[in-house]
Amino acid sequence: VGSTRTLVTFSVVAGPSFNSADFDDDFFSPSGVESEIDAENSFAVRPGVSVTHSLASRVGLTGFAGYMFNRPDVTFRSGALEITDRWRADSMVLSVGLVYSLF
């Protein structure tokens, strides 16, 4: 509507993160004892910003940048040793694309 050709949108998405961790089949524990690792499910939040620029009446160029915060608890077990720590499994999300409006 009007002469504005660029739209900026801010968003926040949050919800459960279903996490897992496994060792490679070739993993060899230095102690010779079988080791295992377990990652708990956690809560993740991803704030972001989207920019869409109209190229024609129904065609636009869009880009998105966001950062996902995810901090699962991870437990490492090897013999009698057990270590639990909170990992920083954050990630950056970037995307660029073309959009076409049907209506």
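Here's a walk through this structure, from its overall outline down to a few paired residues. Keep in mind that the model is predicted.

Start with the fold elements. There isn't a helix in sight: the chain has zero helices and seven strands, so reading from the N terminus you simply get β-β-β-β-β-β-β.

Now zoom out to the outline. The C-alpha trace spans about 70 × 25 × 20 Å along its principal axes. The radius of gyration tells a matching story: the chain comes in at 22 Å, whereas a compact globule of 103 residues would sit near 13 Å. As for burial, 21% of the 103 residues count as buried. The chain exposes about 7,800 Å², with carbon and sulfur atoms supplying 59% of that area. Charge is worth a glance too: there are 7 positive and 12 negative charges, and their mean positions lie 23 Å apart.

What about the strand pairing? A good place to look is β3, residues 42-54, which pairs with β1, residues 6-17, in the antiparallel sense over 12 bridges. β3 is also joined to β4, residues 59-70, by nine bridges, and those two strands run antiparallel as well. With four residues between them, β3 and β4 form a hairpin.

To see both pairings at a single residue, find Gly 48 in β3. Ser 11 stands opposite Gly 48, and Gly 48 in turn stands opposite Gly 66 in β4.

Finally, consider how contacts are spread along the sequence. Among contacts in the chain with a separation of 6 or more, 61% come from residues 24 or more positions apart.

Terms used
Residues numbered from 1 in each chain as written. Predicted model: local features only at pLDDT ≥ 70, side-chain atom pairs only at ≥ 80, totals over all residues. Heavy atoms only, no water. Rg over C-alpha atoms; globule rule 2.2 N^0.38 Å. Buried < 20%, exposed > 50% of the residue type's maximum accessible area, 1.4 Å probe, protein only. Contact = heavy atoms within 4.5 Å. Areas by Shrake-Rupley, 256 points an atom, 1.4 Å probe, with all protein chains shown as cover. Lys, Arg positive; Asp, Glu negative; His and termini not counted. Charge placed at Lys NZ, Arg CZ, Asp CG, Glu CD. Pairing = 2+ DSSP bridges.
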